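Let's take a walk through a protein structure together. Have the picture ready, and we'll go one piece at a time.

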Amino acid sequence: MSKKPTAQPALHKVIMVGSGGVGKSALTLQFMYDEFVEDYEPTKADSYRKKILLDGEDVQIDILDTAGQEDYAAIRDNYFRSGEGFLCIFSITEDESFQATQEFREQILRVKNDENIPFLLVGNKSDLEDRRKVSFQEASDRAKQWGVPYVETSAKTREHVDKVFYDLMREIRARKMEENKTNNGRGKDKSKKKKLKCTLL
Amino acid sequence: MDFDSPDVMKDFPGLYASELNKQCNNDSDYSDDNEKVMKKDILIGKRKEKKDKDKGYAALEGESSADENFKSRSPSKTKKAKSFKFSTKTKEKRDKSREKEKDVDKKKDRDKKNDKKLDKEKLKSEKTKKLKQSLDESADIGDILPIFGATLEVAVERSRCHDGVDIPLPIRECIDYIESIGVSFEGIYKEKCNKMNKQSLAAALNHTFHCSSRLLHALLHHCPALFPSIRIERYIPPLESGAKLPDNPEEIDHELKKQESLLTQIHKEMNVGCISKQREELLWEVQRIITQLKRKLKCANKDKEAVVEKNESLHEEKEEAKKLTTETGDQSQDTPDHSDIQEIKQNLSIVPESQHEDLSRVEKSVDINEECSKNDDGASEYSVLDNNLALLQLKNEGLHLLRDSLLKDIQTERNQIMLLKSHISTDTPPTMMVPSENLDEVMDLFLKENQILQIKKINLVRQIIEEQEMCIELKAQIQSHRL
């Protein structure tokens, strides 16, 4: 495997999780290529890389779009392990997908073994307000309980699509800086501060 | 041979190429001949059917256990393209080592040199060891999934060639290596193997293969005749990220299969606990390439479909144009009922115009036609087309040509219409001036004849088009069969 030159920009690994058909791929493709795909085609696994400017800093984002279907659960852990941040997506028009987020959260925590892993709860399909089944309050309550931010997006209208990715990357970046500090022997106080900041977001 | 000490081996987890190379450098136990024999053995193994291979394989392992320990470290990291540098890098190194060996052959200072080399290499390896360990925290895959000492099936499974040839990768690399250097070494390809060579080879290997040396000799001697269809195909490993991905749908498909095979293997290895930063990186990388390839393939397919749709719509267009000509023909045939010649003349002059209009209308209604073609005969044809991309491509080309020729036809017909129009405008006055009682009868006769001819013509045109389509279909099938 090629060793990356040190000059390479920071690389943040983001993983999309959620039930089938909630719009993980749609969000990813909207973010990657500014396109909205109408026809549904279940994903097995797809991976993308994009160079972006995050607060004036060149970074690379690796996005892994996973399968919502249980069929591919066997390979999922391999991906979860290498993820640095997670976007947990459900559809606001489908309560079942919202309930499933609980399980995804547990799976991630089990694999990562880390309560403070950068994580965003995302309610997609916000353009379909008339078909809403999951209230904003309900979703943000769960997010608060987990200590993570809640954002509603629409892959169709591109609403908040960039926001969820950028917010998550900021969390990952903060997390990495914090880890570097703790590795250098100091920064326990810092980490506490950072944690607080995250939940406030 | 302290080089085989486990300590040193740990320094090169999975660095198959360098290990093998070093083995050649330092393995003074093996004479040059012996080495060749080993390679030949492998080569033969490949040429023979699986059974023989299997045996040769097992025997290899029995012959030199130290050796095989060492190779067992090589495994899957070599699976990526990098490992393949082995064929070029090691080639040089090997050549060098050979030269050296020849130079100092059987001189005592050789051992000293080797010792020095060893020391140096130990130093180097200690450095790389540290580097490696920081990168690769997990257990070495060779320990968990050894390929040497396993059955052939298992070894193939663990060290796969991703192009579908079921030979363990190290063996494949050896074969490719021999293929690449064989011409420049006497006794491999450069000079034909004489009977003596074959006999000694057979004698050396009969234990390995558990068969008589005579039989082995016969096999060696008649190798090309016995296995005429066996071809040695150089292994091209899956592309790495950054490499240019293919554009041709078939190539994309081929590469996609390789990458997917690689991905499956990575998953398998990870599932048995071979987890490292490197492997995770590789997993994402391969996944990314697959995503890109799939995207490319989808785009290519969409383009193809669009072209086919266009073609079919053009066919429809043409056919409709034909229908319209018949209709307009009918119109002109209807006119003779009126006895007034002037009216006929008027109608005749109108016909080309209306025809012209119709043609342009047909062109405008391409969208509608597209839908028609989708719904009608297109639907059944589609599923077939989708199933066979190659066939589709070929057929597409044929249809393209047909479309072009049909477009040309339309153009010439249009020109004809214009010409006729101008003729009518100039010719009508004299015809009007001729007062004849027989005129009606003559007109009738001509028009009837005209009608019959028109129908015949249309039928023939239809037949021609149908035949042409059949031809294209058949041609495409023939070509795809050839492929």
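Keep in mind that this is a predicted model. A good place to start is a right-handed β-α-β unit in chain A, made of strand 4, helix 3 (residues 95-112) and strand 5. From there the chain carries on: it crosses from strand 5 of chain A through helix 4 (residues 136-146) to strand 6 of chain A, and this β-α-β crossover is right-handed too.

Now zoom in on strand 4 of chain A, which covers residues 85-91. Is this strand enclosed or open? Seven of its seven residues are buried, so strand 4 is largely enclosed by the rest of the structure. To picture how that works, remember that side chains in a regular strand alternate between the two faces of the sheet. On one side of strand 4 of chain A you'll find Gly85(A), Leu87(A), Ile89(A) and Ser91(A), on the other Phe86(A), Cys88(A) and Phe90(A), and all of them are buried.

Which strands sit beside strand 4 of chain A? One is strand 1 (residues 10-18) of chain A, which runs parallel to strand 4 and is joined to it by five bridges. In that pairing, Ile15(A) has Phe86(A) as its bridge partner. Another is strand 5 of chain A, again parallel to strand 4, with six bridges between them. Here Phe86(A) turns up once more, standing opposite Phe119(A) of strand 5. Further along, Ser91(A) stands opposite Asn124(A) of strand 5.

Let's move over to strand 5 of chain A itself. This strand, residues 119-124, is mostly covered, with six of its six residues buried. Phe119(A), Leu121(A) and Gly123(A) point one way, while Leu120(A), Val122(A) and Asn124(A) point the other way, and all are buried. Strand 5 of chain A also pairs with strand 6 (residues 150-152) of chain A: the two run parallel and three bridges join them. Look for Leu121(A) in strand 5, whose bridge partner in strand 6 is Tyr150(A).

Finally, let's see where the two chains meet. There, 13 residues of chain B are in contact with 12 residues of chain A. On chain B's side, helix 14 (249-271) and helix 15 (277-334) each supply at least two residues. Helix 15 of chain B gives the most, with nine residues. What kinds of residues does chain B bring to the side that touches chain A? They divide into five nonpolar, four polar and four charged.

Conventions. Residues are numbered from 1 along each chain as its sequence is written. Chains are lettered from A and ligands numbered from 1 in the order in which they are written. This is a predicted model: local features need pLDDT of at least 70, side-chain atom pairs count only at pLDDT 80 or more; totals for chains, interfaces and linings use all residues. A residue is buried if 20 or more other C-beta atoms lie within 10 Å of its own, exposed if 12 or fewer, and partly exposed in between; C-beta atoms are placed from the backbone. Helices (H or I, at least four residues) and strands (E, at least two) are DSSP runs, numbered from the N terminus. Two strands pair if DSSP finds at least two bridges between them. A crossover is right-handed if, with the strands pointing away from the viewer, the path from the first strand over the helix to the second runs clockwise. Two residues are in contact if their C-beta atoms, placed from the backbone, lie within 7 Å. Ala, Val, Leu, Ile, Met, Phe, Trp, Tyr, Cys and Pro count as nonpolar, Asp, Glu, Lys and Arg as charged, and the others, Gly among them, as polar.
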